[in-house]
Amino acid sequence: MGNPASKATQPANEGWRAYVIIGVAALVLMLPALFTGQMIHDSFWIDIVWADQFTSVLKSGTLYPRWLPWSYDGLGAPIFYFYPPLAFYLTALFGLLGISTYGSLIAAFGTALAASGLSMFNWLRGWTKRPLLAALFYMAAPYHLMDFYRRGALAEFAAFAFIPLVALGMRRAIGTRSPAWLALAYAGLILTHLPAALLASVLLIAPWGIVATMRDRQAAAPLAIGIGLGLGLAAIYLVPMQMLRGEISTHYMLSIAQYQAANWSLIAPDRWPSIAGAMLLAGLCGIMVFAALGLIASRRRDPWAWGAVAVCAVAAGLLPGFWSLPLVANTQFPWRALMLAEFLLATGFALTSMRPLFAALAVTPMIALSAVLLKPVHELDPTRPTDWFERHLDVREYVPRGAPDEASWYAKWAMALSARHKMPMQDGPFTIAPRFYFPAWEVICHGRKVATTPDPETRLLRWRGGSAGCSAEIGITPFEFAGVGLSLLSLILLIGIARRKQGEIVRPPT
């Protein structure tokens, strides 16, 4: 990946006017969602279940709500031990202002949309020809809107705002030798959406870093330090997530065909979980490649447009074995890589010397699909009970490993299990509590801490002895302490490096 031109071009629409235009554009793109009923299809329903509890637990005084107490009809779930929390702090911000859960979710989507445009504009300003127009194109690109209107993928949608910031951090690390911005942006991306961070690492950061290091070996150190410190800053989430993942049923999700990214390869139709889904992936890749080739026609050595073609090829499954690589295989959906393709396309669009008419023709298919995607969807799953929000039914993969598979993962099984254990019950020498087991539980009986174990049959919390005089609370695991310690250490190192860099004469960014 080539570096941005070192010689700045004439800035366009800089300053507060650009910010106002981006804000208005975000509002316009959100209007269909503001004038329709509540959307609960795809990921919207789980966003609501999680945002409702996250805000409530945060309001009660827990600064990092990892355990959601009402999930699975009151059995509880360790959702944010494993799911990045940053997007849900955004929903909580609006929830704490008194906005309803669904209202705060829509406000969070709108804020994330505006933030993606602002970050894209600031990445492009000062060295490209049309930073504002490209930022608006990035906001209105089809996968951007599909992530909201069709998928309701809050965390992934919020990650759109961090990808340009990571690129800006890369540019500063290469040009000024300062890793601070890269560390903060990379940590923010990890804490927002882990699959997006992984794909950005493999498909954007690594190629660009290799090319930059081949051109200038001194760029390797600040890039490595920035990435390392970013991982360290995110350790507050990464360490518990990694060390405790054996406690939940992630194997359930990874065993389902539609969540195996390799099955969506466009050259292996016999493995497609859904023909419609594969055709949508093919359409998205096709129109993005069409736009990229239009940019390449006017600027043949455009690394950004060529990068978009390469990412689309990877998303389509044309790179054998890629989606089966360790870690990459767990990203679930190959179309998530199209976030990066849209970023690369927007950057190439900002740099192109094409005449406006030809540039418009190149991106017309993308914008036409975006217009179709602006229509809200209201799809109801008839198998879900009408009171699923009140009962906070949750996704199957966060129940304890070994929990019984008696029926549907979100309805009959959870209802039956909780009905049998509404109150602590005695089972021989043990007490079984109506809570799912997790290592963070601490049970205090008559002033003394007692050992907890999962009940072999139900995987509910149990301890030896009676329930009288006992209380159970979620505590802090050693892995959480370790994660906080690593994050604090990384923050101290980052501050030290930033202060030292302030006293040095640095090269201008390139």
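Q: Which helix gives the most to the lining of the second largest pocket?
A: The model is predicted, so local features need pLDDT of at least 70 and side-chain atom pairs count only at pLDDT 80 or more, while totals for chains, interfaces and linings use all residues. Residues are numbered from 1 along each chain as its sequence is written, and side-chain values use heavy atoms, without hydrogens or water. A pocket is an open set of points on a 1 Å grid over the protein atoms alone where a 1.4 Å probe fits, with protein on both sides within 12 Å along at least five of seven lines, and lining residues have an atom within 4 Å of a point. With three residues, the top contributor to this lining is helix H22 (residues 478-502; a DSSP run of H or I, at least four residues, numbered from the N terminus).

Q: Which residues lie nearest the centre of the second largest pocket?
A: The pocket holds about 330 Å³ of space (the volume filled by probe spheres set on its points). Its lining has 16 residues, which divide into 11 nonpolar, three polar and two charged. Nearest the centre are Thr62, Tyr64, Arg66, Ile474 and Glu480.

Q: Is helix H16 roughly parallel or roughly perpendicular to helix H18?
A: The axes (lines fitted to C-alpha atoms over the stretch in contact) of H16 (residues 275-298) and H18 (residues 338-351) come within 10 Å and cross at roughly 20 degrees, on a scale from 0 to 180 degrees between N-to-C directions. Angles under 35 degrees count as roughly parallel and those from 65 to 115 as roughly perpendicular. Therefore H16 and H18 are roughly parallel.

Q: How many charged residues are in the contact of H16 with H18?
A: This crossing is left-handed (near helix turned anticlockwise from the far one by less than a right angle; clockwise is right-handed). Contact means heavy atoms within 4.5 Å, and residues making it include Leu281 and Met288 of H16 and Glu342 and Phe349 of H18. Asp, Glu, Lys and Arg count as charged, Ala, Val, Leu, Ile, Met, Phe, Trp, Tyr, Cys and Pro as nonpolar, and the others as polar. By class there are 11 nonpolar residues, one polar and, as to charged, one.

Q: How is helix H2 oriented relative to helix H6?
A: H2 (residues 44-59) and H6 (residues 101-124) pack with axes 9 Å apart at an angle of about 110 degrees. Their crossing is right-handed. Because of that angle, H2 and H6 are roughly perpendicular.

Q: Which residues of H6 does H2 meet?
A: H2 uses Phe44, Asp47, Ile48, Ala51 and Asp52. On H6 they meet Thr101, Tyr102, Leu105 and Phe109.

Note on methods: Helix = DSSP H or I, 4+ residues; strand = E, 2+ residues; numbered from the N terminus. Parallel < 35°, antiparallel > 145°, perpendicular 65-115°, else oblique.
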